Amino acid sequence: MSFYVKKAIRNKEFMIMLAAAVILILIPIFAPVLAPHDPIENDYANAMIPGNKEYPFGTDQIGRCILSRLIWGGRTSLLIVFLVVGIVAVIGIILGIVAGFFGGWVDMLITRFTDIVMALPAMVFVIALVSVLGPSLKNTIIAMSLVGWTEYCRVSRALVLAEKESAYVQEARLGGLNRFHIIKRNILPNVFPYLLVNITQDIGNQLLTLSGLSLLGLSSQPPTPEWGFMLSEGRKYIQAAPWLIFYPGLIIVIHVIVFNLLGDSLRDILDPRYHKQKGKGRRMKVWLKENS
Amino acid sequence: MKKYIAGRILFVIPIMLILSIFTFGLTYLSPSDPVTLYYQSMGTKPDKEMVERKKEELGLNDPFLVQYGHWIEKVLHGDLGESYKYKTSVWSEMGKRLPNTLILTGATVFLTILFAVPLGILCAAYQNSFLDYLLRLISFLGVSMPSFWVGTLLMYAFGVRLHLLPIMGSGDLAHLILPAATLAFWMTSLYIRRLRGSALEEMNKDYMIGGMAKGFSRASIIMKQVLPNSLLSVITMFGLSIGSLLGGATIVETIFEWQGVGKMAVDAISLKDYPIIQGYVLWMAVIYVSINLIVDLLYQFLDPRIRLGGGKS
């Protein structure tokens, strides 16, 4: 592990992106300090004015400070995205490891089920689920979690399959170690770094999905600031106040770019083409194939 | 190969089964009662007795499987129920809207093939040139920007500022340009990146050196060998992208008021018009599943390398 840490510190792109990601996460955490105004306070006298000294990004249709709403909105948007990514990663990785490690009918059942879920259009399902359950943040999280785990399951299964035959796992099995012990102590720590790339890049994807749902009016309810919802509201005033849609979109794009690049550089660090370490080659090959 | 094709076609059965259970289950999941909703949409405030009588009449008190059986029988006969809002059958409403969605997605796929194939290959052929960097930057932005944001920006630039194109609406070519361009920008970017990647992988293979040693020009090897091979590996991804395209089309249709099935479904959400939402899910999924089936089968015929084995990988 320390080998990767050293490699990561030497990788300039990774360190820059990591710093950027940390800053993006810190901004909403320190929202009360950073935001110049109250995000839900109306100021009708100053409604729909473009950016100036008092309101750097301008104000919306009822005079709320857009910058403040963006800073506070990160709390809703990022929190949901992290929650969803956490849920789907745990579900997918557990299913994938179980399928890969136990094999047989368990593997067949899980793989078939994953194939079926992947064979259906995810976004359409999320839209349908949320609209029937009733538009709310909770239902958005449920719907996004129900369809988002398949990729993790597929990738972790492939990683475990490659890992299972390696000498040290065979040895542990011959030594009579408990299966769950082997999974926890040997397999999980070895496959997790590779899954980290998927997790990082999924943050951007889920953010795009979430903002899409908010745009359709399916997630957050007013007056809670949320980026996708801000876009949705601003759409009505596109002729008079284009900045209402410009800044929220820009914030989303920045987040997607940072987390995607972070994932890319993480992949570079883990890529065996830059180093030759015993036993990693086969696993990486599988992993690259699954991710290409 | 026969075994694979048979297996692939048979795989559609469990997919359809799960899909139909999910679609039917949607009304089961909903917190509000469909009969009450139905009466409310007619403008009457139903009392308990009326609701109960109607429920009994519609068989809504039967067990889940019995109801599911009735429903699937009706669906197989082309009856998706009646929309609460339009007061017509979901089927006829879908018939009106589906062509619009197909035109939009079809135009997007057409534009994607038109631009992504030549640009992706150019990127690979002139790797690390200025053109490559520029296209990589643009395509990276293209996949990072949410389609609804691109759509609204295009709407602002071409509709509000330049007055070149209509902002919203549906039907003719002028209205099609902006929504199709929005979706195509995302999809073209995605495929430039994918095609570039797979073409570069192909160019690293031995036949490239072999061909050059035999005296073929680099350009002719790229056109005749690298292009078909890298297109093949991109085709399988194409089927999967259709799912995102259909989801994206729903959002873009809503923004541009393009009267497709996505717009119809989104309108139905606030009215709790569940038969419409069911019809939407069913149709989108059927389109997606069939396109993936076609793509997978097509792949078997197009790639001679995998015609030999029986395994599915």
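**Figure 1. B:Glu93 and its salt-bridge partners in the predicted model.** In this predicted model, B:Glu93 is buried, with a relative accessible area of 4%. The side chain of B:Glu93 meets that of B:Lys96 in a salt bridge, with an N to O distance of 3.3 Å. B:Lys96, in contrast, is exposed, its relative accessible area being 57%. The two residues are 3 residues apart in helix H6 (residues 90-125) of chain B, and are therefore separated by about one helical turn. The pair belongs to a network of salt bridges that links B:Glu93, B:Lys96 and B:Arg97. Side chains of opposite charge can pair when their charged atoms come close. Over all chains, a search of the whole structure finds 9 salt bridges.

**Figure 2. The salt bridge between B:Asp132 and B:Arg196.** The closest N and O atoms of B:Asp132 and B:Arg196 are 2.9 Å apart, and the two residues form a salt bridge. B:Asp132 lies in helix H7 of chain B and B:Arg196 in helix H9 of chain B, so this salt bridge ties together parts that are 64 residues apart in sequence. Both B:Asp132 and B:Arg196 are buried.

**Figure 3. The salt bridge between B:Arg8 and B:Asp296.** B:Arg8 forms a salt bridge with B:Asp296, with 2.7 Å between the closest N and O atoms. The pair links distant parts of the chain, 288 residues apart: B:Arg8 is in helix H1 (residues 2-10) of chain B, and B:Asp296 is in helix H13 of chain B. B:Arg8 has a relative accessible area of 8%, under the 20% limit, and is therefore buried.

**Figure 4. The surroundings of B:Thr188.** B:Thr188 is placed in helix H9 (residues 173-203) of chain B. Its relative accessibility is 10%, so B:Thr188 counts as buried. When neighbours within four places in sequence are left aside, B:Thr188 is in contact with B:Leu111, B:Thr112, B:Phe115 and B:Ala116.

**Figure 5. The interface of chain B and chain A.** In this view, 43 residues of chain B are in contact with 39 residues of chain A. The area buried between the two chains is about 3,700 Å², and carbon and sulfur atoms give 83% of this area. On the side of chain B, the residues that lose the most area to chain A are B:Phe148, B:Trp149 and B:Ile269, together 17% of what that side buries. The rule finds 0 salt bridges across the interface. It finds 2 residue pairs in polar contact there, both at pLDDT 80 or more. At least two residues of the side of chain B that touches chain A come from each of helix H2 (12-29), helix H7 (130-144), helix H8 (147-161), helix H11 (218-256), helix H12 (261-271) and helix H13 (274-302) of chain B. By class, the residues on this side of chain B divide into 35 nonpolar, 7 polar and 1 charged.

**Figure 6. Two cysteines, A:Cys153 and B:Cys123.** A:Cys153 is buried, with a relative accessible area of 2%. B:Cys123 is likewise buried, its relative accessible area being 0%. A disulfide is a covalent bond between the sulfur atoms of two cysteines. A search of the whole structure finds 0 disulfides over all chains.

Notes:
Residues are numbered from 1 along each chain as its sequence is written. Chains are lettered from A and ligands numbered from 1 in the order in which they are written. This is a predicted model: local features need pLDDT of at least 70, side-chain atom pairs count only at pLDDT 80 or more; totals for chains, interfaces and linings use all residues. Side-chain values use heavy atoms; hydrogens and water are left out. Contact means heavy atoms within 4.5 Å. Buried area is the accessible area (1.4 Å probe) that two parts lose on being put together, summed over both. A salt bridge is a side-chain nitrogen of Lys or Arg within 4 Å of a carboxyl oxygen of Asp or Glu. A polar contact is a pair of N or O atoms within 3.5 Å; within protein, one must be able to donate a hydrogen and the other to accept it, and residues adjacent in sequence count only if both atoms are side-chain atoms. Helices (H or I, at least four residues) and strands (E, at least two) are DSSP runs, numbered from the N terminus. Ala, Val, Leu, Ile, Met, Phe, Trp, Tyr, Cys and Pro count as nonpolar, Asp, Glu, Lys and Arg as charged, and the others, Gly among them, as polar. A disulfide is a pair of cysteine sulfur atoms within 2.5 Å. Buried means under 20% relative accessible area, exposed over 50%, partly exposed in between (1.4 Å probe, protein chains only).
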